[in-house]
Amino acid sequence: MRSEEVFDICLERFRGLRGWLDGRIRAVDMTVPGAAGYQWRPERARAQEFVADFEIAGLRALARPVWAGRRRLFSVYYLRGIEYRRAIAVLGVPSGTFDYWAAQIKRTVGREFERAGLFPPWRYFNTHS
């Protein structure tokens, strides 16, 4: 599997768990009959560990001094979830640069997620820390 796909899978799990931990997402939506139904969630402490490990591994992978802009992009766009156009304005870079950096981040951080054991997420949650 390509490192960009690894990154996207881990990012999806990160955002889902972050929303659940912040109280924005419930495990079961009782207001919509026949909706997706039960959504599996790990124990709260393990979910917090995954969120923290995601952030730490990403920042560690982008620790090169010349990659300060990419580190900031990772924090603003991926960790905080700021919308694309607003993130470009916050970072003050052209959209082409933003897209190039985002592709580099996905490759680099995706490899780090595999090395750090965040991927695949099911294996992460089946092991004890």
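**Entry 1: Arg 60 and its partners**

I started at Arg 60, which counts as partly exposed at 40% relative accessibility. This is a predicted model, so I am reading computed positions throughout. I looked for what the Arg 60 side chain pairs with and found Glu 112, in a salt bridge of 2.8 Å, N to O. Arg 60 sits in helix H2 and Glu 112 in helix H5, so this pair ties together parts 52 residues apart in sequence. I then checked how covered Glu 112 is: at 12% relative accessibility it counts as buried, because the cut-off for buried is under 20%. Arg 115 comes in too, since salt bridges with shared partners join Arg 60, Glu 112 and Arg 115 into one network.

**Entry 2: other salt bridges**

Next I searched the whole structure and got six salt bridges. One of them pairs Lys 106 with Asp 8, with the closest N and O atoms 2.9 Å apart. Those two are 98 residues apart, Lys 106 in helix H5 and Asp 8 in helix H1. I noted both as partly exposed, Lys 106 with a relative accessible area of 23% and Asp 8 with 33%.

I also looked up Glu 55 and Arg 18, whose side chains meet at 3.8 Å, N to O. Here helix H2 supplies Glu 55 and helix H1 supplies Arg 18, with their positions 37 residues apart. Glu 55 is partly exposed at 25%, and Arg 18 is partly exposed at 28%.

**Entry 3: helix H5**

H5 had turned up in two of these pairs, Lys 106 with Asp 8 and Arg 60 with Glu 112, so I went through the helix itself. H5 covers residues 95–116, 22 residues in total, and spans 30 Å from first C-alpha to last, close to the expected 32 Å. Its buried residues include Phe 98, Trp 101, Ile 105, Val 109 and Phe 113. What covers the buried residues of H5? I found that the cover includes helices H1, H2, H3 and H4. Right after H5 comes Gly 117, with a positive phi near 90°.

**Entry 4: whole chain**

Last, I stepped back to the full chain. I counted six helices and zero strands. Of the 129 residues, 39% count as buried. I also checked contacts between residues at least 6 apart in sequence, and 68% of them join residues at least 24 apart. The accessible surface comes to about 7700 Å², with 53% of it belonging to carbon and sulfur atoms.

How values were computed. Residues are numbered from 1 along each chain as its sequence is written. This is a predicted model: local features need pLDDT of at least 70, side-chain atom pairs count only at pLDDT 80 or more; totals for chains, interfaces and linings use all residues. Side-chain values use heavy atoms; hydrogens and water are left out. Helices (H or I, at least four residues) and strands (E, at least two) are DSSP runs, numbered from the N terminus. The expected span of a helix is 1.5 Å times one less than its number of residues. Buried means under 20% relative accessible area, exposed over 50%, partly exposed in between (1.4 Å probe, protein chains only). Contact means heavy atoms within 4.5 Å. Accessible areas come from the Shrake-Rupley method with a 1.4 Å probe; for residues, only the protein chains shown count as cover. A salt bridge is a side-chain nitrogen of Lys or Arg within 4 Å of a carboxyl oxygen of Asp or Glu.
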